[in-house]
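Biologist: Could you take me through one part of this model up close? I'd like to hear how the strands there fit together and where their side chains go.

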Amino acid sequence: MQCGSLDNDASVTWKVNGTDVKARRREEGPRLILMEVNMSSNGLYSCFQNPDGQRRDQINLRVGLPPKEPQVTCRSNTYPKGFYCSWHLQHATYIPTDFEIDVQHNQRPLEVTRDEVHKNRCHVKFPELFSSFPYRVNVTAVNSLGRASSTISFEESSIVKPDPPEKVVAKPVANNARRLEVTWNSPSTWPDVETFPLKYFLRYRPLIRDQWQHVELSDSTSHTITDAYAGKEYIIQLAAKDMEIGTWSDWSVAVHATPWMEEPKPITSTTESDIIPETTPGPPSAAPRVGEPTAACSTLLWSTHLLLACVLLSIM
């Protein structure tokens, strides 16, 4: 590092981040030469002219590495509109590194649009469908220390991979202890599900087991699980795939559900109105005394006297 425009015989003192330079170094007049450079050498270096100690220059040192070949992948989750390619470096360079992208089809360059959110991603429209010509994508990493490139080739059908199904919902079926009703939406990124329909792969298992059960479904966004264990919580996921080409999507976000269970009947408590009062027998009626006529006997004697009087009157 050169301290400004000082002459070769100038005497200077160097500091890094305000402290003495402790790294192995050699000083040649106004120049500082670091003998071993690594990431700890980063910092703001300042030089001061002797003997007055006036600062003459500042240098911000950033240690970096030349790039190596980037890793490149391409995928179409918006078939048949287009595809995107993304890339990354397996080893950091520690200094600003840019990328140059070139996409060709049938030896013709295609327009590339850089992604506004993901800096290491670009988008390309399909120039034609069902083409037998392969696509060629080249990505070059460039920084102040060097450049490195990677190139991949692929056919249209090999990169088609939808996003996972969305809004997956699993609900119990009333009055059936072994069924779960599962519904979902096709991925919103898939532009034309009517012309390019998807098929789905459903997997489910109870939490108490590790083994999945699978069902492949064609052009449907609902399914009823009929063999669930009663009372056991289930985990459910789905994947999607184009009917003809490409590969399966990643799994959807897992949802949980438990089959319908009959609610236990409540135990009713006894109220005062439900209590039948106990009847306490009273004292026994007094037994009639011997010789004392009863009401029935008195009525009979009175009727006999009346009949005798009637007979006498009729004789007279």
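Modeller: Sure. One term before we start: buried here means under 20% relative accessible area. Keep in mind that this is a predicted model.

Let's start with strand β19, residues 222-225. In a regular strand the side chains alternate between the two faces of the sheet. You can see that here: His223 and Ile225 point to one face and are buried, while Ser222 and Thr224 point to the other face and are not buried. As for its pairing, β19 runs antiparallel to strand β16 (residues 180-185), with 4 bridges between them. Ile225, one of the buried pair, is the bridge partner of Leu180.

Now have a look at strand β17, residues 198-206. Here 8 of the 9 residues are buried, so by that cut-off the strand is mostly covered. β17 pairs with strand β20 (residues 234-242) in the antiparallel sense, over 9 bridges, and Leu198 stands opposite Asp242 there. β17 also pairs with strand β18 (residues 213-218), again antiparallel, through 6 bridges. In that pairing Lys199 sits opposite Ser218. β17 and β18 make a hairpin, with 6 residues between the two strands.

How far can you lean on the coordinates? The protein averages a pLDDT of 87, and 84% of the residues score at least 70. Residues 279-316 are another matter: their pLDDT is below 50, and beyond near neighbours in sequence that stretch has 1 contact in the model. Where pLDDT is low, the predicted coordinates should not be read in detail.

Definitions and conventions:
Residues are numbered from 1 along each chain as its sequence is written. This is a predicted model: local features need pLDDT of at least 70, side-chain atom pairs count only at pLDDT 80 or more; totals for chains, interfaces and linings use all residues. Side-chain values use heavy atoms; hydrogens and water are left out. Buried means under 20% relative accessible area, exposed over 50%, partly exposed in between (1.4 Å probe, protein chains only). Two strands pair if DSSP finds at least two bridges between them. pLDDT is the predictor's confidence in each residue, from 0 to 100. Contact means heavy atoms within 4.5 Å.
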